[in-house]
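The following paragraphs lead through the structure shown below, from single loop residues to the packing of helices. Please keep the sequence and the model at hand while reading.

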Amino acid sequence: MIMGISVATFTQLHVLISLTGIATGIVVVSAMLKGHYARIWTATFLFTTVATSVTGFMFRSKFGPPHAIGVISLVVLAVAVTALYGLKLQGRWRWVYVVSAALALYLNIFVAVVQTFQKVEFFHALAPTQAEPPFAIAQGLLLVAFIALGVLAARRFHPTLDGRLSGQVTHRGST
């Protein structure tokens with residue numbers, strides 16, 4: 001039992017939260033690539049990605065790689081939340097937010113790839129110990145893709161948040 005819920009049910013809840021974080025993160029990064037700030041999607045992404053790490057710590061096991069990724073993710077998310085909500089993306093905090101949000105999404109997908117190679121028989125057969133080339137290639141391609149996405153998003157994401165309270169967001173160059 002974890003928090004009064006069976007381990008199986010808690011695991012399903014954790015996976016659902018994780019997948020929600022990944023899906024909303026893809027929407028957020030896609031919006032950033034277009035220079036847009038997706039307020040509700042961003043809040044949902046940040047909340048569910050924090051919840052993914054927090055719920056991950058609730059599984060009973062020795063401190064290991066999943067916990068280390070969880071700690072890194074929470075630190076990265078704290079930076080993203082501070083840059084966005086506390087410092088309102090002013091000056092360098094715009095690109096700090098973009099990089100930290102993209103890194104948080106990358107870490108979520110990194111873990112999803114690890115889980116896929118552990119739990120899905122087809123992928124597990126390709127890399128049973130995760131030391132085989134198919135696993136390294138998958139993770140390498142993911143890393144290269146996120147570096148490229150992060151650089152592009154940092155170049156393109158230039159919103160102003162002055163209309164945020166009313167739900168209106170203006171974008172540089174828009175009328």
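Leu89 is located in the loop that joins α3 to α4; helices here are DSSP runs (H or I, at least four residues), numbered from the N terminus, as strands (E, at least two) would be. The model is a predicted one, in which local features need pLDDT of at least 70 and side-chain atom pairs count only at pLDDT 80 or more, while totals for chains, interfaces and linings use all residues. Residues are numbered from 1 along each chain as its sequence is written, and side-chain values use heavy atoms, with hydrogens and water left out.

The phi angle of Leu89 is near 60 degrees, a positive value in a residue other than glycine. Most residues other than glycine have a negative phi. Leu89 counts as buried because its relative accessibility is 7%; buried means under 20% relative accessible area, exposed means over 50%, and partly exposed lies in between, with a 1.4 Å probe and protein chains only. A positive phi near 60 degrees is also found at Gln130, a residue of the loop between α5 (121-126) and α6.

On the α3 side of the loop that holds Leu89, Leu84 belongs to helix α3 itself. Leu84 is buried, since its relative accessible area is 0%. Its C-alpha atom lies 7.6 Å from that of Arg94, and the two residues are 10 apart in sequence.

Which residues does Phe157 contact, leaving aside its neighbours within four places in sequence? They are Met32, Gly35, His36, Tyr37, Leu89, Arg94, Tyr97 and Val98, where contact means heavy atoms within 4.5 Å. Among these partners, Gly35 is in the loop between α1 (7-33) and α2 (39-56). Gly35 counts as buried because its relative accessibility is 10%. Gly35 and Val111 are 76 residues apart along the chain, and 27 Å separates their C-alpha atoms.

Phe157 is also a member of the largest nonpolar core, which has 34 residues. A nonpolar core is a set of buried Ala, Val, Leu, Ile, Met, Phe, Trp, Tyr and Cys residues joined through side-chain atoms within 4.5 Å. Within this core, Met32, Phe45, Tyr97, Val98, Ile109 and Phe157 touch the most other members. Two or more residues come from each of α1, α2, α3 (65-86), α4 and α6, and α4 gives the largest share, 12 residues.

The packing of α4 begins with its partner α6. The axes of α4 (residues 93-119) and α6 (residues 133-156) come within 10 Å and cross at roughly 160 degrees; axes are lines fitted to C-alpha atoms, for helices over the stretch in contact, and angles run from 0 to 180 degrees between N-to-C directions. The two helices are therefore roughly antiparallel, a term for angles over 145 degrees, with those under 35 roughly parallel, 65 to 115 roughly perpendicular and the rest oblique. The crossing of α4 and α6 is right-handed: the near helix is turned clockwise from the far one by less than a right angle, whereas anticlockwise would be left-handed. Residues on the α4 side include Trp95, Leu105, Phe110 and Phe117, and those on the α6 side include Phe135, Leu142, Phe146 and Gly150. By class, this contact has 18 nonpolar, two polar and one charged residues; Ala, Val, Leu, Ile, Met, Phe, Trp, Tyr, Cys and Pro count as nonpolar, Asp, Glu, Lys and Arg as charged, and the others, Gly among them, as polar.

Helix α4 also meets α1, with axes that come within 10 Å and cross at roughly 140 degrees in a left-handed sense. Among the α1 residues involved are Gly21, Ile22, Val29 and Met32, and among those of α4 are Tyr97, Val98, Asn108 and Ile109. The contact of α1 with α4 has 11 nonpolar, four polar and no charged residues.

Helix α1 packs on α2 as well. Their axes come within 8 Å and cross at roughly 145 degrees, and this crossing is left-handed. The residues that meet include His14, Ser18, Thr20 and Thr24 in α1, and Thr44, Phe45, Thr48 and Thr52 in α2. The contact of α1 with α2 has seven nonpolar, 13 polar and no charged residues.

Beyond α2, Phe57 lies in the loop between α2 and α3. Phe57 is partly exposed, because its relative accessible area is 32%. Not counting residues up to four places away in sequence, Phe57 touches His67, Gly70, Val71 and Leu74.
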